[in-house]
Amino acid sequence: MAHIDAGKTTTTERILYYTGIVHRPGEVDEGTATMDWMEQEQERGITITSAATTCFWKSRRINIIDTPGHVDFTAEVERSLRVLDGAIIIFCAVGGVEPQSETVWRQADRYLVPRIAFVNKMDRIGANFPRVITMIREKLGANPMPIQIPLGKEESFIGVIDLITRKAITYENESLGARYIISDPPPEYIPEIEKYRSKLIETVVEHDEKLLEKYIKGDEINPPEIKRVLRQATIQGSLVPVLCGAAFKNKGVQPLLDAVVDFLPSPVDMPPIRGVSLDGKRIENRPPSDDAPFCALVFKIMSDSYVGQLTFIRVYSGSLQVGSTVLNSNRLSHERINRLLKMHADKREDIKNIYAGEIAAVVGLKKINTGDTICDKSAPIVLESMQFPPPVISAAIEPKTTADQEKLGQALSRLMDEDPTFKVHLDPETGQRIISGMGELHLDIIMERLVREFGVYVKAGKPQVAYKETIKVPAEGEGRYIKQTGGRGQYGHVKVRIEPHLSKKRFEFVNKASGNTIPKEFIEPIKKGIQEAMSYGILAGYEMEGIKIILIDGSYHPVDSSEIAFKIAASLAFKKAAKKAKPVLLEPIMKLEVVVPKEHLGDVLNDLNARRAKIEQIEVRDGTQVIRAIVPLSEMFGYATDLRSLSQGRANYSMEFLLYQETPRHISQEIVSRIRGL
């Protein structure tokens, strides 16, 4: 995991090459990376969806998930961290701790995931290893522990020096770094090695009493002892081993794999997974053992054009065989396991069974959601699910042709199953289909996928704000609908008084007309006529609300009066009254919370003031500023992108509907004239 462009996919490609999974490392810039298998990923040179793979190093099986760095796809990092036991966080040697590095670090904190750091791009101009260490300590509040230092700098970077063994590792360019030489470090590096190594020893012995006694006596601390204690401290989360390299130049990747084996936990190092019973009253534990009852967490769902829906699971305990039946404890439904697949990015390998600690994809699960638990029917358990951030940007879409209409619904449903941060709903006010996601790039990718994967062509636009209308003063109106066309005619006569509703209810109808002026059977049609008139307001055609209607008088004809006549008369009476009652436009007001670093606070506040925001509170939280405000929805389109540029991508926000409020006069006039002009 890392900020965008720190080198996650490039590092993963080198890992696959050195572990023998691929015969030549793929390159992100050339669109040949194994892990970036989607067409959009290859074209844009970014990772969009997390890709899982498996490799072996020193007879250990390693499950790897390569995650996206872009903030729009942060859910991919979230669900990966939920099911992984450890993480490599990659930092650019020039950029250091960048905004998305902070985000993924906090996500790893939330799931208590042990991690090691890899300072990549040591060959770049401006690379500064000590500065990155300082940034990790100060910006992330972590305890970084360098176990390597770079050998050479920038263009002269040729390898790394291992502080634990005091050995230099240099790489052969002809073998793409597959062959390397271990030797004594150059003499000029000895003072720096001893300075860093002394700090390493001092820190390590603080975590182990026996080693501390040995250190105080002046005895030598040997490499296996250092590794043992460093492993314990890493798994506990109290230390973060830091390595360095240049993945693109094939340097430093094999020691990183060694560090994964040496310092990150295997499934058996982890405590039993905790869950609850079906009734939620008892805590249930499952040890990471093949002999324990089976339980696994669904962390990703993906559509595959060849095999249908793939359900990615992490097995926490027990084993699972093809042909067996499991319980979905969230939905209390039973599912049959038709196929099990070991995934390597988009390539699949059929397997017969999986065991505790493994990740695999299941084919054939019908009713399943991300975050569901599947388990042994005789030992049910519900594991903690995942929390995903709410969508922050929306757009209205419609199919280009009627043939696309039915396909669009099915395609959007499948995309929602895959992506918990993508939502679709029909706006009851405008009738538009609104799609919502984490940012403009997120929605762009969704649009492209609709065309490429589902063959559905759509037109997209900004969602319309659902304004409403109301009145400010009481007024009366009279409506007559009288028609005489030979034979039986039509007669309806209604007089109403309308008032602003104090409790802001949509509407209230009160009948104060005497029974001999309007018969009882015509009261309901009068009410319906007024409701229909209110659904299309007189200012700009928006729905009206917050009005009390009092039926005060009317008359009827014993032969010609009918329900339809009174319905039309009531509608006419209401419209006449509404025109005299000072109608106004209401706009939706949102409750907004912006979390922004202190240095960008002024720019963000200035921008919010320009958006007609009313700042209610600013507070300090964990070194950042939290702005609470209320702001009109109409001013918030494009805010995700603007906020990102104002804060270098470091700020984030959440927004929810609060209430409807009167629109300022000049804006109201602009909206009304625009709609009437149409």
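## Strands β18 and β19

Let's start with a strand pair: β18 (residues 339-344) and β19 run antiparallel, with five bridges joining them. One residue pair to look up is Lys342 and Glu349, since Glu349 in β19 is the bridge partner of Lys342. Please keep in mind that this is a predicted model.

## The wider sheet

How do the eight strands line up? The order is β17-β16-β22-β13-β14-β21-β18-β19, in an open sheet with antiparallel pairing. At the edges sit β17 and β19 (347-351), each pairing on one side only. From one strand to the next, the twist averages 40 degrees.

Two helices pack on this sheet. Helix α3 (residues 74-83) touches β13 (295-304) and β14 (308-317), and its direction makes about 145 degrees with that of β13. Helix α10 (residues 402-418) also touches β13 and β14, and its direction makes about 145 degrees with that of β13.

## The β16-β17 hairpin

At the β17 edge, four bridges join β16 (residues 325-328) to β17, and the two run antiparallel. Asn328 has Ser333 in β17 as its bridge partner. Four residues lie between the strands of this hairpin, where Leu332 takes a positive phi near 55 degrees.

Which side chains of β17 (residues 333-336) are buried? Ser333 and Glu335 are, and they point to one face; His334 and Arg336 point to the other and are not buried.

## Helix α15

Away from these strands, our last stop is α15 (residues 639-646), whose buried residues are Tyr639, Ala640 and Leu643. Viewed down the axis of α15, these buried residues fall within an arc of 100 degrees, so they line one face of the helix. Just after α15 comes Gln648, with a positive phi of about 55 degrees.

Note on methods
Residues are numbered from 1 along each chain as its sequence is written. This is a predicted model: local features need pLDDT of at least 70, side-chain atom pairs count only at pLDDT 80 or more; totals for chains, interfaces and linings use all residues. Side-chain values use heavy atoms; hydrogens and water are left out. Buried means under 20% relative accessible area, exposed over 50%, partly exposed in between (1.4 Å probe, protein chains only). Two strands pair if DSSP finds at least two bridges between them. The arc is that of the directions from the helix axis to the C-beta atoms. Axes are lines fitted to C-alpha atoms, for helices over the stretch in contact, and angles run from 0 to 180 degrees between N-to-C directions. Contact means heavy atoms within 4.5 Å.
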